[in-house]
Amino acid sequence: MTSSALPSAPALPAPTAPAPLWARRAASAVLWASMPSALWRFAVVAGVPLGLAESEYDAMLIPGWGYLVVPLLSVFQEALAFLTLGLVRPWGEVWPRWIPHLGGRRVPVMAATGPAAVGAPACTVYGVLFVWTTLHADMAITPWGQWVMNLCYLPIIAWGPLPAVVTAHYHRRRTRP
């Protein structure tokens with residue numbers, strides 16, 4: 001008698017202990033910290049009146065290439081922020097099954113912490129310098145427009161320190177016995 005049962009798929013490696021609530025919240029906060037500035041840029045491209053003078057739109061190449069570059073910058077920024085969630089979710093420990101040749105295998109700790117350890121200081125420098133120049137720039141913008149822009153860009157300062165803390169915890173959680 002023959003059996004037509006399909007071979008069972010290999011079991012997923014057991015994940016490490018789940019990330020604590022504070023780490024999950026910190027990883028989620030990365031998305032929320034980077035979102036206001038991305039939404040502000042989308043609003044600029046969509047033509048929402050934000051108090052900017054025509055010269056500021058010209059500097060952003062709007063109309064023109066800015067219609068492509070500005071939204072792509074926002075999408076790229078949010079995609080990088082989203083990757084922080086992998087440091088507290090199971091898909092950051094085990095490659096998803098749909099990834100060829102890697103699916104179901106454990107994610108090497110350095111594959112996650114290496115880019116994050118480089119990205120966190122880079123995001124810190126980017127956030128601080130961007131906010132500094134925004135607060136001290138001589139922009140052609142109305143006072144309320146300046147207030148809205150500052151409100152949208154100020155949270156980006158947290159974009160670097162938050163992933164740094166989550167990355168350190170991920171490394172410790174994945175490497176301790």
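Where is the place of His101? Select His101 in this predicted model: the residue sits in the loop between α3 and α4. Its phi is near 65°, a positive value in a residue other than glycine. His101 counts as exposed because its relative accessibility is 72%, where the cut-off for exposed is over 50%.

**The loop between α2 and α3**

Next, select Leu61, in the loop between α2 and α3. Leu61 also has a positive phi, about 60°, although it is not a glycine. Most residues other than glycine have a negative phi, and most peptide bonds are trans. With a relative accessible area of 49%, Leu61 is partly exposed.

Move along to Pro63, found in the loop between α2 and α3. Display the backbone from Ile62 to Pro63: the peptide bond there is cis, with omega near 0°.

**The nonpolar patch**

Keep Leu61 selected and add Trp65, Leu68, Val69 and Leu72; these residues make a nonpolar surface patch of about 540 Å². Within the patch, Val69 belongs to helix α3. Val69 is partly exposed, at a relative accessible area of 48%.

**The salt bridge**

Select Arg173 and Glu93 and show their side chains. The two form a salt bridge, with 2.6 Å between the closest N and O atoms. Arg173 lies in helix α6 (residues 161–175) and Glu93 in the loop between α3 (66–83) and α4 (109–136), so the pair ties together parts that are 80 residues apart in sequence. Both Arg173 and Glu93 are buried. The count for the model comes to one salt bridge.

**The largest pocket**

Turn to the largest pocket, which holds about 560 Å³ of space. To find its centre, select Leu83, Thr84, Ala112, Pro115 and Ala116, the closest to that point of the 23 residues in the lining. The elements that give two or more residues to this lining are α3 and α4. The most comes from α4, with eight residues. Colour the lining by class and the result is 19 nonpolar, four polar and no charged residues.

Stay on Thr84, which is found in the loop between α3 and α4. Is Thr84 buried or exposed? Thr84 is buried, since its relative accessible area is 7% and the cut-off for buried is under 20%. Now add Leu31 and draw a C-alpha to C-alpha distance: Thr84 and Leu31 are 8.3 Å apart in space and 53 residues apart in sequence.

**The second largest pocket**

The last stop is the second largest pocket, with about 270 Å³ of space. How many residues line the second largest pocket? There are 14, and those nearest its centre are Trp40, Met60, Phe130, Met139 and Tyr153. At least two lining residues come from each of α1 (21–46), α2 (54–59), α3, α4 and α5 (143–153). Here too α4 gives the most, with three residues. By class, the lining of this pocket has ten nonpolar, two polar and two charged residues.

Technical notes:
Residues are numbered from 1 along each chain as its sequence is written. This is a predicted model: local features need pLDDT of at least 70, side-chain atom pairs count only at pLDDT 80 or more; totals for chains, interfaces and linings use all residues. Side-chain values use heavy atoms; hydrogens and water are left out. A salt bridge is a side-chain nitrogen of Lys or Arg within 4 Å of a carboxyl oxygen of Asp or Glu. Helices (H or I, at least four residues) and strands (E, at least two) are DSSP runs, numbered from the N terminus. Buried means under 20% relative accessible area, exposed over 50%, partly exposed in between (1.4 Å probe, protein chains only). Patches are made of residues with over 30% relative accessible area and no salt bridge: like charges are joined within 9 Å, nonpolar side chains (Val, Leu, Ile, Met, Phe, Trp, Tyr) within 5 Å. Accessible areas come from the Shrake-Rupley method with a 1.4 Å probe; for residues, only the protein chains shown count as cover. On a 1 Å grid over the protein atoms alone, a cavity is a set of points where a 1.4 Å probe fits but cannot get out, and a pocket is an open set with protein on both sides within 12 Å along at least five of seven lines; lining residues have an atom within 4 Å of a point. Grid points are joined across faces, edges and corners, and a volume is the space filled by probe spheres set on the points. Ala, Val, Leu, Ile, Met, Phe, Trp, Tyr, Cys and Pro count as nonpolar, Asp, Glu, Lys and Arg as charged, and the others, Gly among them, as polar.
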